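Trainee: Can we go through how the inside of this protein is packed, one piece at a time?

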Amino acid sequence: MTETNLADSSPEAPATPDEAATAATAAASGDSDGEAKPRLGRKRDHTRDTDILEAALDVLAETGYDGMTIDMVATRAKAGKATLYRRWVSKSDLVLDAVACMKSKDLDLDALPDTGTLRGDLIALVRPPNIRDAERKLNVMTGVVSMIARDPEMAAAAQAAIVAPRAAANRVIFERAITRGEIAADVNLDTLSMIAPAMAAFRTLILRQSPDRDFLIGIIDDVVLPAAHRRTPAH
């Protein structure tokens with residue numbers, strides 16, 4: 001994986017002489033990842049990590065990976081650049097952590113809407129907080145497209161944080177519908193679960209349009225439900 005060092009994103013070196021000396025010692029010792037080790041007895045303060053990662057996602061969604069700089073993230077998070085230098089050795093490492101952080105805000109699969117019908121459950125997921133969260137995730141995906149193309153690790157992280165959670169929620173809802181006898185047990189759950197996330201991603205990444213409520217309900221009524229009720233032809 002090709003990484004862009006933090007130094008490439010900002011002209012400043014680590015904030016203090018002690019930190020600079022520590023980084024030089026690590027480099028001289030042949031440390032494989034080049035990350036400066038903290039001085040003995042000094043603990044890193046991770047209380048700002050969440051704010052910094054959220055700021056990184058905001059900047060990433062607005063500017064894209066190539067346009068993003070550490071200065072922008074530090075300014076958005078109201079943090080010193082040295083704080084970021086002590087945590088992430090490269091911009092790509094920061095972005096990977098930020099994208100992975102989105103996974104912690106997934107829908108609770110044990111608390112999904114249960115209206116008693118397949119359409120009711122799917123529509124119940126299309127509410128403003130979920131739409132805003134999904135839109136933000138897709139904007140982040142747009143921001144990391146250039147990195148996804150050249151970095152398999154980022155591609156996997158984006159899939160796990162952005163597409164997979166919604167597909168997993170859809171699958172639970174379809175499994176309920178099968179249990180109720182509303183749809184056939186031999187439907188292709190993998191395909192059905194991915195239809196809406198895939199079309200929302202296409203709308204955002206390719207058409208550059210927001211997947212709003214009308215669009216998402218249209219996908220449910222015009223594509224997902226007809227596919228779910230389609231009978232598998234006999235061979």
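**Cores and helix packing**

Trainee: Which residues in the largest nonpolar core touch the most other members?
Mentor: It's a predicted model, so local features need pLDDT of at least 70, side-chain atom pairs count only at pLDDT 80 or more, and totals for chains, interfaces and linings use all residues. Numbering runs from 1 along each chain as its sequence is written, and side-chain values use heavy atoms, without hydrogens or water. A core here is a set of buried Ala, Val, Leu, Ile, Met, Phe, Trp, Tyr and Cys residues joined through side-chain atoms within 4.5 Å. Out of 36 residues, the ones touching the most other members are Val-73, Leu-84, Leu-94, Val-95 and Val-99.

Trainee: Which helix gives this core its largest share?
Mentor: Helices are DSSP runs (H or I, at least four residues) numbered from the N terminus. H3, H4, H6, H8, H10 and H11 each put in at least two residues. The largest share, 7 residues, belongs to H3.

Trainee: Where does H3 sit in sequence, and what span does it reach?
Mentor: Expected span is 1.5 Å times one less than the number of residues. H3 covers residues 49-63, 15 residues in total, with 21 Å expected. From first C-alpha to last, the computed reach is close to that, at 21 Å.

Trainee: What helps cover the buried residues of H3?
Mentor: Buried means under 20% relative accessible area with a 1.4 Å probe on protein chains only (exposed is over 50%, partly exposed in between). In H3 the buried set includes Ile-52, Ala-55, Ala-56 and Val-59, along with Asp-49 and Glu-54. Among the elements covering them are helix H4 (70-77), helix H5 (81-85), helix H6 (91-101) and H8.

Trainee: What does Val-73 contact, leaving aside neighbours within four places in sequence?
Mentor: Contact means heavy atoms within 4.5 Å. Ile-52, Ala-55, Ala-56 and Val-59, buried residues of H3, are among the partners of Val-73. The full set is Ile-52, Ala-55, Ala-56, Val-59, Met-68, Leu-84 and Leu-94.

Trainee: How many residues are in the second, separate core?
Mentor: Leu-112, Ala-169, Phe-215 and Val-224 are included in it. Its total is 25 residues.

Trainee: Is Val-224 buried or exposed?
Mentor: Val-224 lies in helix H12 and touches Leu-122, Phe-174, Leu-192, Ile-195 and Ile-219, not counting residues up to four places away in sequence. Because its relative accessibility is 3%, Val-224 counts as buried.

Trainee: How far apart in space are Val-224 and Ser-193?
Mentor: In sequence, they're 31 residues apart. C-alpha to C-alpha, the distance is 8.7 Å.
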